[in-house]
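Notebook open, coffee poured. I wanted to see how the helices in this one sit against each other, so here is what I looked up.

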Amino acid sequence: MAAASDKARFFLEQSIPELKEYERKNIFSAEEISSIARKRSDFEHKINARGSTPSDYARYAEFEINVDALRRKRVKRLGIKSTAHSGKRRIFFVFDRGTRKHPGDVDLWLQAIDFARKQKAYKKLQELFANVLRLHPRKSDLWIYAAQFAIDENGDMTEARSYMQRGLRFCKSSRAMWLEYGRLEMSHIAKIQARREVLGIADSQRGQTTNVAEDENVMRLPRLTAMDVNPEGEGEENDNAALQNLESTPALSGDIPIAIFDAAMAHFRDPSFGLDFFHMVLEYDDLSACRRIATHVETELMKDTPQNWHSQVCHILLPIVSVQTDAPEFPAAFRQFLLRLKEARTGTSSAELVTWVKDWLQKLMETPNLDEGIKTVGYSVLSSMEGSGE
């Protein structure tokens, strides 16, 4: 116990100059400083004693975050330009001590990462991600989070892909990992396409495909370099040239999501995963590449498991992929949908397929401004399915 008290006293003594500065600059009153010192003493004795828990460190960090937030507000109100002591540094120190003592507690790591993200402490974030992924390489959520951070905060698709590729070496059996990798690539295509539209660069149809394969460690994807998106130099001409160069890469054609699907299916061989991937692709049905990717998924599923209801759902849905309900082409596409549905019902009595069709048609009927003729046909099909007793 004496050792714990000595350690607590050591850390408390280090904060004395900080508290004296706050008192000298009238940032905190003498009573407030006494209260801060007392709370710190309680936390230090608790975390340095035997039996300390990750929640003790989390509460200590939360207390320091609140103290620092109050300090910054008062510094701003009083017009004090700066202080010699950084509350942010103290908070990171608490998190560092906690993660060293309890390296297996992922929640504590995530709290530290969340704080660093809010503080835009990118160098510290890189360190935290590297440490937590080294200690927990089989936690797929951590790889996904790191990849999302790389693309959302840094806009670095190369780094995001690197996280997903390395994560798949350890979490190859994680369906969520494969789906999020596909979603990451679809989001990237959406951003590129949106920028092209803003700059007035028209899409061109490309039928090129790139052969992909998977080696022992890394899945081979169609090649896309940073130069394709961000060439050296500045100015609008370079931006336009970069986006036009993307027409000769797989970035817009959908080759990369297709490669991800093929690699995942080679591992899972599960049509239910194929349907999940198909639905993920449909979240981006306004992209020019969506239909091509969906067609590939449907073709592969119908080739391998044509009688499975997951495959049949993809086959039935394919005609209306990327066709808006208010588009002139929708009635013809919906007719194809119904023809495929009739064929599927003739060939199988799968209760899951019938349940799925009922739910999907019901949602379609609730679409605002849906053509009355489509509604009439849809309700008729629903009624016939109810009447058949399926």
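Before checking any helix length, I noted the yardstick: the expected span of a helix is 1.5 Å times one less than its number of residues. Also for the record, this is a predicted model.

**Entry 1: the whole chain.** I started with the overall counts. The protein chain has 19 helices and zero strands. Of its 390 residues, 46% come out as buried. I then took the contacts between residues at least 6 apart in sequence, and 67% of these join residues at least 24 apart.

**Entry 2: the length of α4.** Does α4 come out at its expected span or away from it? With 25 residues at 1.5 Å a residue, α4 should span 36 Å, and its end C-alpha atoms are 36 Å apart, so the two agree. Right after α4 comes G79, and I noted its positive phi, near 75°.

**Entry 3: what α4 buries.** I listed the buried residues of α4 next. Among them are the aromatics Y57, Y60 and F63, and the list also includes D56, E64, D68, R71 and R74. Which helices do these buried residues pack against? I found α2 (16-24), α3, α5 (87-101) and α6 (106-118).

**Entry 4: α3 on α4.** I picked one of those partners for a proper look. Helix α3 covers residues 30-48 and α4 covers residues 54-78; they pack at about 160°, with axes 10 Å apart. Angles over 145 degrees count as roughly antiparallel, and α3 and α4 are therefore roughly antiparallel to each other. The crossing of α3 past α4 is left-handed. From α3, the contact uses E32, I36, K39, R40, F43, E44, K46 and I47; from α4, it uses D56, Y57, R59, Y60, F63, E64, V67 and R74. Sorted by class, I get seven nonpolar, no polar and nine charged residues in this contact.

**Entry 5: α13 on α15.** I wanted a second pair to set beside that one. Helix α13 (residues 255-268) packs on helix α15 (residues 290-304) at an angle of about 20°, and the axes are 9 Å apart. With the cut-off for roughly parallel at under 35 degrees, α13 and α15 are therefore roughly parallel. Here α13 passes α15 in a right-handed crossing. On the α13 side I logged D255, P257, I258, F261, D262 and M265; on the α15 side, R292, I293, H296, V297, E300 and L301. The class tally for this contact is seven nonpolar, one polar and four charged.

Notes: Residues numbered from 1 in each chain as written. Predicted model: local features only at pLDDT ≥ 70, side-chain atom pairs only at ≥ 80, totals over all residues. Heavy atoms only, no water. Axes fitted to C-alpha atoms, helices over the stretch in contact; angles between N-to-C directions. Helix = DSSP H or I, 4+ residues; strand = E, 2+ residues; numbered from the N terminus. Parallel < 35°, antiparallel > 145°, perpendicular 65-115°, else oblique. Left-handed = near helix turned anticlockwise from the far one by under 90°. Contact = heavy atoms within 4.5 Å. Nonpolar A, V, L, I, M, F, W, Y, C, P; charged D, E, K, R; others polar. Buried < 20%, exposed > 50% of the residue type's maximum accessible area, 1.4 Å probe, protein only.
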